[in-house]
Amino acid sequence: MSKEIFLCSICNINSGTCNEDCKFCSQSVRYKADIERYKQKEISLIIEEAKAAQNGGALGFCLVTSDKGLNDKTLSFVCSIAEILTKEVPKLRLIACNGTATLEQLLILKASGIKAYNHNLETSRAFYDQICTTHSWDERYETCQNVNKAGLVLISGGIFGLGETGEDRISMLESLNSLNPASVPINFYHHNEALQLKPNSLMVDEALELIQLTRDMIPNAQRIMVAGGRELMFGERQKEIFSHGANSIVIGNYLTTSGREIGKDLEMLQSLNLAIAKAV
Ligand code: SF4
């Protein structure tokens, strides 16, 4: 076996309570999408999901909240979970994904056991105001800079299929490269009928080329991760993502949509003679 694939699992610890208006996001309260909404997931459930992720071969476990950014209450909730998970599932690398964050907040997360922070640029700076009007792209970029300053591992990527142009895609990838992320999650827009955006019109070959483009334009990233929308975008052709530069995937469910059974992903990797990464 040659190439190693890094598996990551995401856990929505607070769902569907966000007041922002990101047009691709079913977690915004503005669009009334038919999703599960809750303020704080039960700690016992989070531990259960973390153990299942670890048993499935995941190395990364991401604690996601659906608000614009960290406030004192969210920060304290995420820190308390990180402290518990550090003891319960010590082999998992804990990642936080909690929106806009200051350097001070990120240092507090780091002290609680969080090793990496995920904050996506989502799309290009020029296109961003057509996707979101309640906060700026610059604010997102600044949070990513704060992650680097805090000495946390930066995970930052975006979404394809929002109606952006080829120029927007290049621009986003250049911006991501300037931040030097260790991991770049690529999402493919998964349409929900409550959202105003048109469904993703990307073809499979085009989407595979975008993974390769991401790999080529961010050469120093340790991982190019195919995250949300994998099953919907690639269907039977998902195996091909690994020959187009991807070396990481999200296993299990996504934030508001179901992924496929972990066993099927493990079978896919085995059939391709791809090993699961055991260490970062
Ligand atoms: S800030 Fe995050 S959770 Fe809120 S609407 Fe935008 S993408 Fe969704």
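How many C-beta neighbours does C79 have inside 10 Å, and is C79 buried, exposed or partly exposed? View 2 has the answer.

This is a predicted model, where local features need pLDDT of at least 70 and side-chain atom pairs count only at pLDDT 80 or more, while totals for chains, interfaces and linings use all residues. Residues are numbered from 1 along each chain as its sequence is written.

**View 1. The whole chain, with its 8 helices and 10 strands.** Helices (H or I, at least four residues) and strands (E, at least two) are DSSP runs, numbered from the N terminus. The C-alpha atoms fit in a box of roughly 45 × 45 × 35 Å, taken along the principal axes. A compact globule of 280 residues would have a radius of gyration near 19 Å, and the chain's 17 Å agrees with that. That radius is taken over C-alpha atoms, and the globule rule is 2.2 Å times the number of residues to the power 0.38. Of the 280 residues, 45% count as buried; that label needs 20 or more other C-beta atoms within 10 Å of a residue's own, while 12 or fewer makes it exposed and anything in between partly exposed, with C-beta atoms placed from the backbone.

**View 2. C79 on helix α2.** Back to the opening question: C79 has 19 C-beta neighbours inside 10 Å, so it counts as partly exposed. Leaving aside neighbours within four places in sequence, C79 is in contact with I108, L109 and S112. Contact here means that two C-beta atoms, placed from the backbone, lie within 7 Å. The C-alpha atoms of C79 and A111 are 8.4 Å apart, though 32 residues separate the two along the chain.

**View 3. Helix α3 (residues 103-112) and its buried residues Q105, L106, L109 and S112.** Seen down the axis of α3, these buried residues fall within an arc of 115 degrees, so they line one face of the helix. The arc is that of the directions from the helix axis to the C-beta atoms. The buried residues of α3 pack against α2 (72-88), β3 (93-97), β4 (116-118) and α4 (137-150). Exposed E104 and A111 sit on the face turned away from the buried side. Right after α3 comes G113, with a positive phi near 120 degrees.

**View 4. Helix α5 (residues 166-179), 14 residues in a row.** From first C-alpha to last, α5 reaches 20 Å, close to the 20 Å expected at 1.5 Å a residue; the expected span is 1.5 Å times one less than the number of residues. D168, M172, L173 and L176 are buried in α5. Down the axis of α5, its buried residues stay within an arc of 130 degrees, so they line one face. Their cover includes β6 (158-160), β7 (183-188) and α6 (204-217). G166, E167, E174 and S178 are exposed on the other side of α5.

**View 5. Two residues with positive phi, K32 and N180.** K32 isn't a glycine, yet its phi is positive at about 55 degrees. K32 is in the loop between β1 (4-14) and α1 (43-55), and counts as exposed because it has 10 C-beta neighbours inside 10 Å. N180, in the loop between α5 and β7, isn't a glycine either and has a positive phi of about 55 degrees. With 13 C-beta neighbours inside 10 Å, N180 counts as partly exposed.
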